Amino acid sequence: MRKPFVAGNWKMNTNSQSSLSLAEGIVSELKQLGTDRLDIAICPPFVYLQQVAKAVSASNVALGAQDVYYQADGAFTGQISCQMLKNIGCMYVIIGHSEKRHVIGEKDDLINKKLTAAINSGLLPIFCVGELLEEREAGKTETVVTRQIENGLAGLELEKVSAITIAYEPVWAIGTGKTATSGQAEEVHQMIRALIEKMYGKELAEDIRIQYGGSVKPTNAAELMAEEDVDGLLVGGASLKKDDFVAIIKASWRAK
Ligand code: PGA
């Protein structure tokens with residue numbers, strides 16, 4: 001049984017005050033919800049992690065970071081290490097997000113190093129994959145997602161990969177208001193699960209969680225989550241609004 005997992009990716013949003021009040025609001029609204037059936041995480045910008053860590057401590061909301069660097073320490077200006085994230089209470093880290101890939105220019109080999117370092121340090125990565133609109137239109141979704149997964153997981157053994165949640169985020173659906181239909185999401189999720197089975201065997205394929213991300217809203221969360229292979233959601237814009245994020249979590253909780 002895969003435990004559903006909903007995470008909020010705040011991206012480069014909020015400020016010192018609003019990050020704290022958003023985190024406190026989410027914690028307070030969700031405190032009645034048991035974590036036995038659903039995992040929840042929020043991923044604020046690096047500079048607010050520490051104060052948000054305090055706000056979510058002893059709650060059912062876990063903390064995640066939006067990125068990490070693979071080196072342990074040293075002369076890497078501007079980078080943040082796995083141990084730094086662990087040190088302040090992060091459990092999850094988003095790796096390979098499409099904005100990192102397509103805006104900042106991050107490539108599969110760097111993503112692979114980050115995944116490896118994160119798992120080795122005990123962080124739980126949310127590994128993002130997804131095709132561009134022109135790739136989908138050219139019928140290349142499977143080729144692109146397969147390449148991202150094979151290269152991203154290169155050299156990682158089964159036990160390590162079991163720490164990962166995969167997030168399928170079609171780039172054309174991120175921040176555009178265009179959600180993939182639940183059928184389109186399910187189709188790619190099934191393909192990803194079949195690929196994991198080919199690479200690592202049936203047991204891991206059945207256990208690995210695959211989130212959908214891209215314009216998730218309170219109005220489409222239940223339908224997406226009703227799909228057999230959609231095990232959770234990675235929520236961007238709607239995770240910045242307390243009521244929307246809480247509604248998405250509750251809808252997900254009910255859907256499974
Ligand atoms: P969105 O972002 O929900 O704003 O489309 C999702 C994501 O990029 O993780």
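How many helices and how many strands does the protein have? Let's start there and then move in for some closer views.

**View 1. The whole fold of this predicted model.** Welcome to the protein, which is built with twelve helices and eight strands. Its radius of gyration is 17 Å, close to the 18 Å that the globule rule gives for 256 residues, so the protein is as compact as a globular protein of that length. Measure out the C-alpha trace along its principal axes and you get a span of about 45 × 45 × 35 Å.

**View 2. The ligand and the residues around it.** Here 13 residues surround the ligand, and those that come nearest are Lys11, His97, Glu169, Gly175 and Ser215. By type, this shell divides into seven polar, four nonpolar and two charged residues.

**View 3. Polar contacts to oxygen atoms of the ligand.** Look for Lys11 again: a polar atom of its side chain lies 2.7 Å from a ligand oxygen atom. Glu169 also brings in its side chain, with an N or O atom 2.7 Å from an oxygen atom of the ligand. Gly237 takes part through its backbone, where a polar atom is 2.8 Å from an oxygen atom of the ligand. On its own the ligand has 280 Å² of accessible area, and the protein covers 95% of that.

**View 4. The largest pocket and its lining.** This pocket holds about 490 Å³ of space. Its lining has 18 residues, and nearest the centre you will find Lys11, Met12, Gln66, Asp67 and Lys100. Helix H4, which covers residues 98-104, gives the most to this lining, with four residues. Sorted by type, the lining residues are nine nonpolar, five polar and four charged.

Methods. Residues numbered from 1 in each chain as written. Predicted model: local features only at pLDDT ≥ 70, side-chain atom pairs only at ≥ 80, totals over all residues. Heavy atoms only, no water. 1 Å grid on protein atoms, 1.4 Å probe; cavity = no way out; pocket = protein on both sides within 12 Å on 5 of 7 lines; lining within 4 Å. Points joined across faces, edges and corners; volume = space filled by probe spheres on them. Helix = DSSP H or I, 4+ residues; strand = E, 2+ residues; numbered from the N terminus. Nonpolar A, V, L, I, M, F, W, Y, C, P; charged D, E, K, R; others polar. Near = heavy atom within 4 Å. Polar contact = N/O pair within 3.5 Å; in protein donor to acceptor, adjacent residues only side chain to side chain. Areas by Shrake-Rupley, 256 points an atom, 1.4 Å probe, with all protein chains shown as cover. Rg over C-alpha atoms; globule rule 2.2 N^0.38 Å.
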